[in-house]
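This briefing is meant for a reader meeting the structure for the first time. It begins with a group of paired strands, then turns to the chain as a whole and to a single residue.

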Amino acid sequence: MAENKDMSIYVHIPFCEQKCNYCAFASFCVNQAQIEDYLNDLCQEIEQRKVDNPIKTIYFGGGTPSLLSPEQFKRIVDVIYKNYNVYDNAEFTVEANPNSITEEKLDMWKKLRVNRLSIGVQTLKEKNLRKIGRLHDKMMALEKIKLARRQFDNVSADILIGLEDENGKQLAKNASMLLDLGVKHISCYLLEVYENTKLYQMIQDRRYKPLDEEEMIASFNKLSSYLQDKGMTRYEISNFAYPGYESKHNLNYWARGEYLGFGLGAHSFVDGKRVANLDSFAGFKAKKTEVEDLSETEQIEEIIMLGLRCCLGVDLTKLMALGYDITLNSFYKDYIQEGVLTQEGETLFLNPVFYHLSNTIIANLLP
Ligand code: SF4
């Protein structure tokens, strides 16, 4: 185990009340007995992998962590706090869907030291909410955010980009309603359509028409300008926040900080090794994992990919230590001259104006 560096904890809750039509994640609609069985294995894993390192962030993701009952939620939190040294001011995020947010749960989360909510809004357009199979309507999403904001200052909302008829103007209108309610952070995800989903079938049958790639990028750019005009910073390709409300948990991932992931399919990163729990109930129960020992080239690629996609940038000394002088790359000089890249001391940044071209730029800069 690494020396006493700060770490993060991720807890995966792979259950949902209903499968959304676009969802290709490992999420399951199951009964209470199966949830209890999973929680037994999960709590056991949390106990068994105990470390002394101080914990700076905790993140409950899914799936839908907000569907857990107060007792179930408390049970997991108690195991964490009993076994780990969690900082008093640790960021503690829970992902929540509007339909499973209740006053009782908000009270309980608050009592259990949760201080950040990430709410799966996706859209405020009624037709799209129905078509993608969400369990809330516009009114419910707004009401629940209002309710959550009474107790939580730090509320984030997820937005999907690429839904039918949702151009930049509509996205900005949706975003303005969220900001008016005091949302401090917005994560934007491009709609990806996977073959094994209902949405894919709907598109095949011409019952749904998402935006094409060009429209999607134009809408994203419009939303991005809107959010930045409102004072938010695009601190990562898909994430916008008012100053001070950036997700510390995600920043730890992008900085290649260490973290422990508990639960089905959860990933951990400790001592330069990536370890993944299997994403089946049987595999998780049997404690099976897949270990990935990164080669030097893979580490270089990861440092470049993670650093350039966010405000942290790439620490050039780390690349040099791994034997890669990026300044000798054939694209480097031009990118600096064109303002695509900026070098400040030993840190290299991608100009956020070029985030939409990041895949190509990053690919060109790899060894
Ligand atoms: S709530 Fe999220 S994880 Fe659950 S089915 Fe919908 S998209 Fe998938």
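**Strands, overall form and one residue**

In this predicted model, strand β2 and strand β3 (residues 85-96) are paired in the parallel sense over six bridges. The chain passes from β2 to β3 through helix α2 (residues 70-83), and this β-α-β crossover is right-handed.

**Around strand β2**

- Within the pairing of β2 with β3, Thr57 stands opposite Glu91 in β3.
- Strand β1 (residues 7-13) is also joined to β2, by seven bridges, and these two strands run parallel, with Ile13 standing opposite Gly62 in β2.
- Together with helix α1 (residues 32-48), β1 and β2 make a right-handed β-α-β unit.
- Strand β2 (residues 54-62) is largely enclosed by the rest of the structure, because eight of its nine residues are buried.

**The chain as a whole**

- The chain contains 14 helices and 15 strands, and it is as compact as a globular protein of its length, because its radius of gyration of 21 Å is close to the 21 Å that the globule rule gives for 367 residues.
- Of the 367 residues, 37% count as buried.
- Among contacts between residues at least 6 apart in sequence, 72% join residues at least 24 apart.

**Residue Asn154**

- Asn154 lies in strand β5 (residues 154-161) and counts as buried because 22 other C-beta atoms lie within 10 Å, where 20 or more are required.
- Leaving aside residues up to four places away in sequence, Asn154 touches Asn115, Arg116, Lys184 and Tyr245.
- The C-alpha atoms of Asn154 and Val183 are separated by 7.3 Å, although the two residues are 29 residues apart along the chain.

Note on methods: Residues numbered from 1 in each chain as written. Predicted model: local features only at pLDDT ≥ 70, side-chain atom pairs only at ≥ 80, totals over all residues. Helix = DSSP H or I, 4+ residues; strand = E, 2+ residues; numbered from the N terminus. Buried ≥ 20, exposed ≤ 12 C-beta atoms within 10 Å, placed from the backbone. Contact = placed C-beta atoms within 7 Å. Rg over C-alpha atoms; globule rule 2.2 N^0.38 Å. Pairing = 2+ DSSP bridges. Right-handed = clockwise from strand over helix to strand, strands pointing away.
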